[in-house]
Structure formats: C-alpha cells, structure tokens
Amino acid sequence: VQCLKPHKEEVNIVSYSNDGQMMATVSNDKSIFFFDLTKKKDFYEPIGFVVTHEVVTSMCWKADSSQILLGFKDGAVKQIKRPPLMVDTTKTFEMKMEGELNYEFKRPKPKKPEKKEEEEGEDGEEGE
C-alpha cells in the first residue's frame, strides 16, 4: 500500500475508521489529514486536512465512524465530525473542524483540613 505523506513533520498516529472507509493521520505539525480508502486499494490519497490548536497525542473513532475524539498535548479533549468522502478541493485542501465539541475536565480542589481548636489544660482548666 502506498500513501502520500502530506504532513510537514513526522506522523505520530495513524488510525482507520471502524467502517474501513477512511484513515486519519496526525503529526507534530498540528494537522490531521484524512484519506479516502474506498477508491483505490493500493494507494491512499488525502481528501483534506484540518489544523488544530495543539499537537494531537491520542485519537479514537466513534463506533459508527461518524466522529473522532482527540486528545491534545495541552490536556484539551475535542470531538469532531468525520469529513465527508467527497470534499471540494478546487481552492484548498484545508477543511474546518465540523461539529466540534470541547470537553473540559477540572481537577477537584481538595478540602482544607479543619483547624483543631487548642486543647484545654490537662485537668480541663484553661491556662492563665
């Protein structure tokens, strides 16, 4: 199988959609390229790419292949819709991240320990 390497830097992740119709690659260049796997069996051509705000460190397709969950180097988590197989590339191969959902995870703040009141003297009398 041959594939164009459209990224400017090394590819970190290669992931196939569960339906076998698309492949996505991510790189340190902060881009995700999508490839159509339905046309040719021995050569994958890119159908377009999206630019991300940060390097993607993890990627997982939804079971029905309609969306992708992305984890970023800065801790952000986003979910995007999978692009259609037919994209108008007459002007650019760059696509917008459609259906973007941002997830925000907050660490719980630990409760401060309560201050214990100063204990009374040994015989129960307060000090003078």
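Visitor: Let's start with one acidic residue: is D36 buried or exposed in this model?

Guide: Happy to start there, bearing in mind that the model is predicted. D36 has a relative accessible area of 5%. The cut-off for burial is under 20%, so D36 counts as buried.

Visitor: Which residue does the side chain of D36 meet in a salt bridge?

Guide: The bridge spans 4.0 Å, N to O. The partner has 60% relative accessibility and counts as exposed, whereas D36 is buried. The residue at the other end of this salt bridge is K39.

Visitor: How many salt bridges does the chain have by this rule?

Guide: One of them is the pair D36 and K39. The side chains of D19 and R82 also meet in a salt bridge, at 2.7 Å, N to O. The count for the chain comes to 2.

Visitor: How many residues apart in sequence are the parts that D19 and R82 tie together?

Guide: These two side chains form a salt bridge. D19 belongs to the loop between β2 and β3 (22-27), and R82 to the loop between β8 (77-81) and β9 (101-103). The pair therefore links parts of the chain whose separation in sequence, in residues, is 63.

Visitor: Which of D19 and R82 counts as buried?

Guide: D19 has a relative accessible area of 37%, so D19 is partly exposed. Its partner comes to 16% relative accessibility, and burial means under 20%. The one that counts as buried is R82.

Visitor: Which residue's backbone nitrogen lies 2.9 Å from a polar side-chain atom of S65?

Guide: S65 sits in the loop between β6 (56-61) and β7 (67-72), and at 1% relative accessibility S65 is buried. Beyond its neighbours within four places in sequence, S65 contacts S17, N18, D19 and R82. Two of these, D19 and R82, are the salt-bridge pair discussed above. The backbone nitrogen at 2.9 Å belongs to N18.

Visitor: Which side chain makes a polar contact with the side chain of S31?

Guide: S31 lies in strand β4 (residues 31-36) and counts as buried at 6% relative accessibility. Setting aside residues up to four places away in sequence, S31 touches H7, T25, V26, F49, V50, V51 and T52. The polar contact of the S31 side chain has a distance of 2.6 Å, and the partner is D29.

Visitor: Turning to the surface, what is the accessible area of the nonpolar patch of V11, V14 and Y16 together?

Guide: Take Y16 as an example: this residue is in strand β2 (residues 11-16). Y16 is partly exposed, with a relative accessible area of 44%; joining a patch takes over 30%. Together, V11, V14 and Y16 offer an accessible area of about 260 Å².

Visitor: How many strands does the chain have?

Guide: The secondary structure includes 0 helices. Reading along the sequence gives the pattern β-β-β-β-β-β-β-β-β. The number of strands is 9.

Visitor: What share of the residues in the chain is buried?

Guide: For the whole chain, the accessible surface is about 9,700 Å², and carbon and sulfur atoms hold 49% of that. Among the buried residues are S65 and S31. Of the 128 residues in the chain, the buried share is 34%.

Visitor: What part of the contacts with a separation of 6 or more comes from residues 24 or more positions apart?

Guide: The salt bridge of D19 and R82 is one link between parts distant in sequence, at 63 residues apart. Over the chain, among contacts with a separation of 6 or more, residues 24 or more positions apart account for 39%.

Methods. Residues numbered from 1 in each chain as written. Predicted model: local features only at pLDDT ≥ 70, side-chain atom pairs only at ≥ 80, totals over all residues. Heavy atoms only, no water. Patch = residues over 30% accessible without salt bridge, like charges linked within 9 Å, V, L, I, M, F, W, Y side chains within 5 Å. Areas by Shrake-Rupley, 256 points an atom, 1.4 Å probe, with all protein chains shown as cover. Helix = DSSP H or I, 4+ residues; strand = E, 2+ residues; numbered from the N terminus. Buried < 20%, exposed > 50% of the residue type's maximum accessible area, 1.4 Å probe, protein only. Polar contact = N/O pair within 3.5 Å; in protein donor to acceptor, adjacent residues only side chain to side chain. Contact = heavy atoms within 4.5 Å.
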